[in-house]
Amino acid sequence: MNYEALATQVLEGYELTNEDALAILNSPDEDLLQLLHAAYKIRKNYFGNKVKLNMIINTKSGLCPENCGYCSQSIVSKAPVEKYAMMKQEEIVAGAERAASLNVGTYCIVASGRGPVNKEIDIVVDAVKEIKGKHEDMTICACLGILKPEQAQRLKEAGVDRYNHNINTSADHHEKITTSHTYADRVNTVELAKQSGISPCSGVIIGMRETKEDVVNMAKSLRALDADSIPVNFLNAIDGTPLEGTKELNPRYCLKVLSLFRFVNPTKEIRVSGGREVNLGTLQPLSLYPANSIFLGDYLTTEGQPGEQDKKMLEDLGFEIDLEPLKREVQKV
């Protein structure tokens, strides 16, 4: 396959076929640098050498009634994670202050659970208003589970810019990962965020015993959803979860997956997310040739790479931190 020619076609509006997509995932390792060069051609066209920094605050941990097989916070998990109810407003605001001090452009307010109760929405709304009063240009992303329409509207009015609800896997593979909610539940929440005027963020977890055809379907489903931001997680199988011991990934395949997501979603923010340290290892810097966004610091229940190390990585790559605020306004439909 001529990857660079394919990249040129994508820049001219071509949409990959399933055969094209599978050819990328099945590409020989000796083609990897050519593939990354082609993916970078698309990335550079839309994002230059800029990298968006994101930071998570886990505002509510554990205590989740869902049975997601990958999650250490789920009801079926035996992993020894910290469990606590919703943080106070001042704790959430303090997290934003730390993010601002590190030049983080997007602050992600995350809570475990099927969906928020109104008391939790109240806390988030008040915190977001205070944060926006101090840091008007900071992008605020909320990830609180399945929303009701009135809750989405309150978040929008408070100043939430983006809402994350990952599809996680393909529609066909979904029931092998969780049965306590449907794939449609996840899609509907993303659509609700869009209808409320909030920028949609939705991504995946790679390495959960899915097929390559599933991975292609994930990338194309997110294109159909028109997700503005796409976090690509790589399974860090935690002891005590149903997926404990799963180890299907290697760094080269992870880079092929990221390249595929760039080819399929050329104009979108693609974020190397949870599990990158474990699964990409010493090849982490190469991930930013197809991707243009990373998480700085720790994840929900696992540790990330030290922020200083991430910033040194960007410096060594010759990339710069993207400090521009979120510009897109999703129109109501």
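A disulfide is counted where two cysteine sulfur atoms lie within 2.5 Å of each other, and this cut-off is needed to read the first of the close-up views below, which are drawn from a predicted model.

**Figure 1. Cysteines without a disulfide partner, seen around C201 and C254.** In this predicted model, the number of disulfides in the structure is 0. The cysteine sulfur closest to that of C201 belongs to C141 and lies 4.9 Å away, which is too far for a bond because a disulfide needs the two sulfur atoms within 2.5 Å. For C254, the closest cysteine sulfur is that of C201, at 19 Å, and this too is too far for a bond. C201 is buried, its relative accessible area being 1%, and C254 is also buried, with a value of 0%.

**Figure 2. A cluster of aromatic rings made by Y40, Y289 and F319.** A pair of aromatic rings is described by the distance of the centres and the angle of the planes. The structure contains 2 aromatic pairs. In one of them, Y40 and Y289 meet edge-to-face, with 5.3 Å from centre to centre and 70° between the planes. Y40 belongs to helix α3 (residues 32-47), whereas Y289 lies in the loop between α10 (276-280) and β9 (293-295), so this pair ties together parts that stand 249 residues apart in the sequence. Y40 counts as buried at 14% relative accessibility, while Y289, at 24%, counts as partly exposed. Y289 also pairs with F319, and because their ring centres are 5.7 Å apart with the planes at 65°, this pair is edge-to-face. F319 lies in the loop between α11 (307-317) and β10 (320-321), so its pairing with Y289, in the loop between α10 and β9, ties together parts that are 30 residues apart in sequence. F319 is buried, at 9% relative accessibility.

**Figure 3. A charged group over the ring of F319.** The charged end of R43 sits over this ring, at 4.9 Å from the ring centre. The ring of F319 is also part of the cluster with Y40 and Y289, so that this view can be read together with the one before it.

**Figure 4. H173 and the residues that it touches.** H173 lies in the loop between β4 (162-164) and α7 (183-195), and at 5% relative accessibility it counts as buried. Leaving aside residues up to four places away in sequence, H173 touches M208, R209, E210 and D214. One of these contacts, R209, is placed in the loop between β6 (204-206) and α8 (212-225), and R209 is partly exposed, with a relative accessible area of 46%.

**Figure 5. Positive phi angles at R209 and D226.** Most residues other than glycine have a negative phi, and most peptide bonds are trans. R209, which is not a glycine, has a positive phi near 70°. D226, likewise a residue other than glycine, has a positive phi near 60°. D226 is found in the loop between α8 and β7 (229-234), and at 27% relative accessibility it counts as partly exposed.

**Figure 6. The second largest cavity and residues of its lining.** A search of the whole structure finds 3 cavities of 30 Å³ or more, and the second largest of them holds about 90 Å³ of space. This cavity is lined by 11 residues, and those closest to its centre are K52, G105, T106, T139 and E324.

Definitions and conventions:
Residues numbered from 1 in each chain as written. Predicted model: local features only at pLDDT ≥ 70, side-chain atom pairs only at ≥ 80, totals over all residues. Heavy atoms only, no water. Phe/Tyr/Trp six-rings, centres within 6.5 Å; stacked < 30°, edge-to-face > 60°. Helix = DSSP H or I, 4+ residues; strand = E, 2+ residues; numbered from the N terminus. Buried < 20%, exposed > 50% of the residue type's maximum accessible area, 1.4 Å probe, protein only. Lys NZ or Arg CZ within 6 Å of the ring centre and 35° of its normal. Contact = heavy atoms within 4.5 Å. 1 Å grid on protein atoms, 1.4 Å probe; cavity = no way out; pocket = protein on both sides within 12 Å on 5 of 7 lines; lining within 4 Å. Points joined across faces, edges and corners; volume = space filled by probe spheres on them.
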